Amino acid sequence: MAANKKEAIILAIDVGKNSLQLDSDGKTYFEKSKFCASMILKRKILAESKDYLAVILFGSTQTKNHIASQGCSYNNIEIVTSLGVVTWDLIKHINSLSPSDITRSDWLNTLVLATDMLKKETQDKIFKDLQIVMFTNLATDISFDNIDVIARCIQSQCINLTIIGRDSEDISRYPVLESFIMKTEATAVNFDSVLPKISNYKQKEVTPRAWNVPLSFGNVFNIKVNGYKKIDETPKSFKWSLCRNYDTPDSITEMNKHTTYFYVENGEQIEVDYENIIDGFRFGDTIIPVSDLDIQAYSYKSGPRSLQVLGFTKAKNIQRSFLMDGGSYIFKPHKDDIVEFSAIFKAMVEREELMIIRKVYLNDCMPTIGAMFPQREDDENYFVCVNLPYAEEEHLFKLPSLESFKPNYEEKNAVRNLIYAMDLDKDGNELFMPENTHNPELQYVYDCIAQKAINPDKLLTKTIPEYIQSLLNPPKRIMENAKQPIDEIIKLFSLQQEIHEKSPIEENNTSKFDCDEEVENSKQCVITAFNPIEDFNKLLENGFNSAIVCGKMKNITLDLIESSTSMKDLEKPASNLKALREFYIHDNDVKSYNNLMYLVKDSVLLSGKEEMWSQFIDSGIGLITNQEVEISDITQELSENFMKHEVLEDVAAEFIIDDDDPLKEFL
């Protein structure tokens, strides 16, 4: 039988005159109490919680409770609702509250009433937890004669008491209150501590289900493991329904979708039954029909669900750029195979290796390739599984090289100061950690749903709530700290827009081409991979715009480099670069050539041809230095450094993933 996770919670809110006292930020305790109570209730509804909640107001102008009706002195305490599932009407009532002018808000009598309610209304029912959440600044002058008895009652019923409004440090100045908090084992917090925790909506909690599967080492042996989805990047969908525009919240008619298929013949629409429709793949102008039988025939059959070890590899072989999105799994050992699991885990740690696996989640599902990293946390060993890309999913980027830029001491120091000023570590609590950073899109949708549920006839406000805006904005403290370093960087790194003038085509002393002529000129300017140098020279001889011709030559050269697989394949792009080098030297445009060569180097190295770089660059295609052309800003030393390359390691020094390791983001 599944464990009961339902809770019984009573919210007790001070609405008396004392609640109008201002907190440190200039807002009253009443305003903050109302916002917190409303958010707690809305969070419960949108998370589809089954918890039971009740609301009590003390310091109210009304007296409405079962103890006062028996003749006891429990005045100005109003039970708004008994324990039950939260409704939007209750939230509307909370939002409409206004403070009273009642001076005496007896929070101690309210605790007695709430304790009695929990005892009576939870009889013969099973709840995981009983809670009283009280919003008060405890400022009322009341009698503490029976405070010890009340504390024993709360403790005997195992009620968790939370007081929001004063923290433990404030309460410690009052010995009686401090003793009460200790005896009841209550939690006392101020609004600054609790607001960030309840200002965000929660999704429906789902109990994680284990994926029980053997970790297979070929036909040799298996280790039983339990897999859990730790990070799920599946888009969150809401339960939308189609309704009529004139429906009211009390009378909604859900509508069903119906799709009709037709084709047009001689201007007439002819309907086609769904059974007579098949898929078709378009290749150019050809459509290839594919029937259900064809789909069954070409569908990939991966076999039964499995988790198969393909082998082990050094950690340095899996670059961080390989780690794909799509979430991550953690795998823990089954209680019967802990010894075998631990042996493999320790061996992987000692050898600094990880496991490459093939995962099939369900029978005949598409298989995925993943990497298993050993992870130790809270004295527990387990594997973290992250998907790896296939060759078709990897993209190469042409990134500009920074080798030509050598920052001086002042520039380096300015950047260091900026990094230090924008450090997200605040008193040991790192900001923007994934477990504390909520999705602003989801939060905004939840907020809009809550607005429409409470005020169905009003238009949604266009203003995004402050707590949602703050989710992905730099904290005010950090921006204040960063102001001076940013000003320093702006001063040192003064950026100026560089304007490149296009060379006009000199033909009968005419002016530059207009836009349409340039587009047409570009279409006619074609350089083929078969004989690029001949095409390049012929286009220049025929008077085509040299900027367009050189641009075409650059593109075909970079394409040839990326598609090459041997040094012989690189001979043609090397010849292209020689031709471009000669042209740019003759045209006194050495900067364009040197910028191109940084792209060329990145293209060679990023496409896995590091071992070919030295031989390739020795083909007479190096940077144009100021010894060759005086206007060049490249020295001989820079040119020699450019011809070298370093192999950068892409793994952390420690193989075990600790709290500071970037791999932690996959957990």
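# A tour from the cysteines to the pocket

Select Cys-525 to begin: its sulfur lies 9.3 Å from the closest cysteine sulfur, that of Cys-550, which is too far for a bond. A disulfide is here a pair of cysteine sulfur atoms within 2.5 Å, and the structure holds 0 of them. Cys-525 counts as buried at a relative accessibility of 1%, whereas Cys-158, to be selected next, is exposed with a relative accessible area of 59%. Those words follow fixed cut-offs, with buried meaning under 20% relative accessible area, exposed over 50% and partly exposed in between, computed with a 1.4 Å probe on protein chains only.

The model is a predicted one, in which local features need pLDDT of at least 70 and side-chain atom pairs count only at pLDDT 80 or more, while totals for chains, interfaces and linings use all residues. Residues are numbered from 1 along each chain as its sequence is written, and side-chain values use heavy atoms, with hydrogens and water left out.

## The open sheet

Now display the strands in the order E3-E2-E1-E4-E5-E6, which form an open sheet of 6 strands with mixed pairing. At its edges stand strand E3 (77–84) and strand E6 (187–189), each with a single partner strand, so that one side of each has no neighbour in the sheet. Neighbouring strands of this sheet are turned against each other by 15° on average, direction ignored, where axes are lines fitted to C-alpha atoms (for helices over the stretch in contact) and angles run from 0 to 180 degrees between N-to-C directions. The element names come from DSSP runs numbered from the N terminus, helices being H or I runs of at least four residues and strands E runs of at least two.

Within this sheet, select strand E1 (residues 7–14) together with strand E2 (residues 52–58), which pair in the parallel sense over 7 bridges; two strands count as paired if DSSP finds at least two bridges between them. One point to label is Ala-12, whose bridge partner in E2 is Ile-56.

From here move to helix H1 (29–46), and select Ser-33, which lies in that helix and counts as buried at 2% relative accessibility. Its C-alpha is 5.8 Å from that of Phe-135, although the two residues are 102 apart in sequence. In the loop between H1 and E2 you will find Glu-48, which has a positive phi of about 55° although it is not a glycine. Glu-48 is partly exposed, with a relative accessibility of 35%.

## The barrel

Next, select the 7 strands that close into a barrel in the order E7-E8-E16-E19-E18-E17-E15, where the pairing is again mixed. From one strand to the next the twist averages 40°. One pair to isolate is strand E8 (residues 221–231) with strand E16 (residues 328–333), which pair in the antiparallel sense over 6 bridges; here Asn-226 has Lys-332 in E16 as its bridge partner.

## A hairpin

Turn then to strand E11 (residues 261–265) and strand E12 (residues 268–272), which run antiparallel and are joined by 5 bridges. In this pair, Tyr-263 stands opposite Ile-270 in E12. The hairpin has 2 residues between its strands, and Asn-266 takes a positive phi near 55° there. Asn-266 counts as exposed, at 78% relative accessibility. In the loop between strand E10 (254–255) and E11, select Thr-260, which is partly exposed at 39% relative accessibility. The C-alpha atoms of Thr-260 and Glu-271 are separated by 7.2 Å, with their positions 11 residues apart along the chain.

## The second largest pocket

Which residues lie closest to the centre of the second largest pocket? The pocket has about 1,800 Å³ of space, and of its 34 lining residues the closest to the centre are Asp-192, Leu-195, Pro-196, Tyr-467 and Ser-470. On a 1 Å grid over the protein atoms alone, a pocket is an open set of points with protein on both sides within 12 Å along at least five of seven lines, and lining residues have an atom within 4 Å of a point. Points are joined across faces, edges and corners, and the volume is the space filled by probe spheres set on them.

To colour the lining by element, note that H1, helix H7 (191–198), strand E21 (429–430), helix H12 (466–469) and helix H13 (476–492) each supply at least two residues, and that the largest share, 5 residues, comes from H1. Coloured by type instead, the lining divides into 10 nonpolar, 9 polar and 15 charged residues, where Ala, Val, Leu, Ile, Met, Phe, Trp, Tyr, Cys and Pro count as nonpolar, Asp, Glu, Lys and Arg as charged, and the others, Gly among them, as polar.

Technical notes: On a 1 Å grid over the protein atoms alone, a cavity is a set of points where a 1.4 Å probe fits but cannot get out, and a pocket is an open set with protein on both sides within 12 Å along at least five of seven lines; lining residues have an atom within 4 Å of a point.
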